[in-house]
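Student: Could you take me through one part of this model up close? I'd like to see how the pieces around it fit together.

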Amino acid sequence: VFQAMHEAEDLSAVLHISDVGEMNDVISRGQATQMILSHEAMMEKQIGDIAQEIADRSDVRFVMIAGPSSSGKTTFSHRLSTQLMACGLMPHPIATDNYFKNRVLAPKDADGQYDFECLEAMDVEQFNTDMGRLLRGETIDLPTYNFKKGEREYNGEQLTLGKNDVLVIEGIHCLNDQFPYALPRESMFKIYISCLTTLNVDDHNRIPTTDARLLRRIERDARTRGYSAQATIRMWPSVRRGEERNIFPYQDSADTVFNSSLIYETALLKPYVEPLLFAVPKDCEEYIEAKRLLKFLSYSLPIPADDVPKTSLVREFIGGGCYKV
């Protein structure tokens, strides 16, 4: 993770942007488009390098991707799949969410609420059985989890692994060896993805990576789930506790770390998130956090999304992307 942060700082140096003030200078000079395209090109090269590393290891059949909330796992898995195809491989996406236990069997937390983030909420045995059969060349029926019914269903979709096929598996437990316990370690390539922003407010204050992810989540929750910024801020401590328990302890087991942070995303998210934060009532507990985020956003000039590619990771949060996320 430290190495990924260091590499991100090197990329920022190439763009001559280390803080919000230098970012605002680029925007005010009308050079935002070049900055966006340059950073996106750098990110695409990194994804291509990861795909080539996977292709060079002929024994890899499972690409395991995990990372904290709003790190861009879904879009990354699509972009990586495209690069894997360019390397001569045939990727097949597998969402571990489809291996949730039926809701009636799911564990509950101390408050009596279903805990879908713990490993015990997953049908670990069925996952390993299916993946083992694929590894042996057998055909399996792929499950789909019906979140409305809270049940796993089978709709006739089947899968058999060919010679050049790889599974691109995304889920919060993918780096935990207790989840794919029956699979040979050499058959897996593990990727940890997180939004490790290196942009500073000034020479003395860094933008926390947690804030960058929270801004992403506020916009996505409002756009796709109808949640208010107040509701997202209220849930955030619970989300963070789940990450501390289920994701961060396993990040060092990854074969590589991918930094999904985009240097321009704060300026891009500003016009989307500011109205949502202004709507947080002053008489609620979440108002202080909303006010803090508004103060942080006030330092940045906004940029429009017109020149952001449809393949960009940030499209997962603001919409307008070409992937079904």
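Tutor: Here's a walk around one helix and its packing, followed by a second helix pair for contrast. Keep in mind that this is a predicted model.

Let's start with helix 4, residues 73-86. Its 14 residues should span 20 Å at 1.5 Å a residue, and its end C-alpha atoms are indeed 20 Å apart, so the expected and modelled spans agree. Just ahead of this helix there's a loop that begins after strand 1 (62-66), and Ser70 sits in it. Ser70 isn't a glycine, yet its phi is positive, about 65°. Ser70 counts as buried because its relative accessible area, 2%, is under the 20% cut-off. On the other side, helix 4 is followed by Gly88, again with a positive phi, this one near 95°.

Now for what helix 4 tucks away. The buried set is Lys73, Thr75, Phe76, Ser77, Arg79, Leu80, Ser81, Gln83 and Leu84, so don't picture a purely nonpolar list: Lys73 and Arg79 are in there too. As background, an α-helix has 3.6 residues a turn, so residues three or four places apart point the same way. With that in mind, have a look at what helix 4 puts into its contact with helix 3: Phe76, Arg79, Leu80, Gln83 and Leu84. Helix 3 answers with Glu40, Met43, Glu44, Ile47, Gly48, Ile50, Ala51 and Ile54.

As for the geometry, the axes of helix 3 and helix 4 are 9 Å apart and the packing angle is about 60°. That angle is why helix 3 is classed as oblique to helix 4. The crossing of these two is right-handed.

Phe76 is a good residue to zoom in on. Setting aside residues up to four places away in sequence, Phe76 touches Ile47, Ile50, Ile65, Ile191, Ile193, Phe258 and Leu313. Phe76 also belongs to the largest nonpolar core, which has 59 residues, and is listed there among those with the most contacts, together with Ile54, Leu80, Ile191, Tyr264 and Leu277. Helix 3, residues 32-56, gives this core its largest share, 9 residues. There's a second core as well, separate from that one, with 30 residues, including Phe100, Cys118, Leu119 and Ile140. More broadly, nonpolar side chains in soluble globular proteins tend to be buried together.

For contrast, jump to helix 8 and helix 9, whose axes come within 10 Å and cross at roughly 145°. This crossing is left-handed. Helix 8 brings Thr266, Lys270, Val273, Glu274, Leu277 and Phe278 to the contact, and helix 9 brings Ala290, Leu293, Leu294, Phe296 and Leu297. Leu277 you've met already, as one of the core residues with the most contacts.

Val273, in helix 8, has 0% relative accessibility and therefore counts as buried. Beyond its neighbours within four places in sequence, Val273 is in contact with Leu215, Ile218, Glu219 and Leu297. The C-alpha atoms of Val273 and Ala229 are 8.4 Å apart, though their positions lie 44 residues apart along the chain.

Finally, set Ala279 beside that. Ala279 is in the loop between helix 8 (265-278) and helix 9 (287-297). Its relative accessible area is 58%, so Ala279 is exposed. From Ala279 to Asp252, 27 residues apart along the chain, the C-alpha separation is 39 Å.

Definitions and conventions:
Residues are numbered from 1 along each chain as its sequence is written. This is a predicted model: local features need pLDDT of at least 70, side-chain atom pairs count only at pLDDT 80 or more; totals for chains, interfaces and linings use all residues. Side-chain values use heavy atoms; hydrogens and water are left out. Helices (H or I, at least four residues) and strands (E, at least two) are DSSP runs, numbered from the N terminus. Buried means under 20% relative accessible area, exposed over 50%, partly exposed in between (1.4 Å probe, protein chains only). A nonpolar core is a set of buried Ala, Val, Leu, Ile, Met, Phe, Trp, Tyr and Cys residues joined through side-chain atoms within 4.5 Å. Contact means heavy atoms within 4.5 Å. The expected span of a helix is 1.5 Å times one less than its number of residues. Axes are lines fitted to C-alpha atoms, for helices over the stretch in contact, and angles run from 0 to 180 degrees between N-to-C directions. Angles under 35 degrees count as roughly parallel, over 145 as roughly antiparallel, 65 to 115 as roughly perpendicular and the rest as oblique. A crossing is left-handed if the near helix is turned anticlockwise from the far one by less than a right angle, and right-handed if clockwise.
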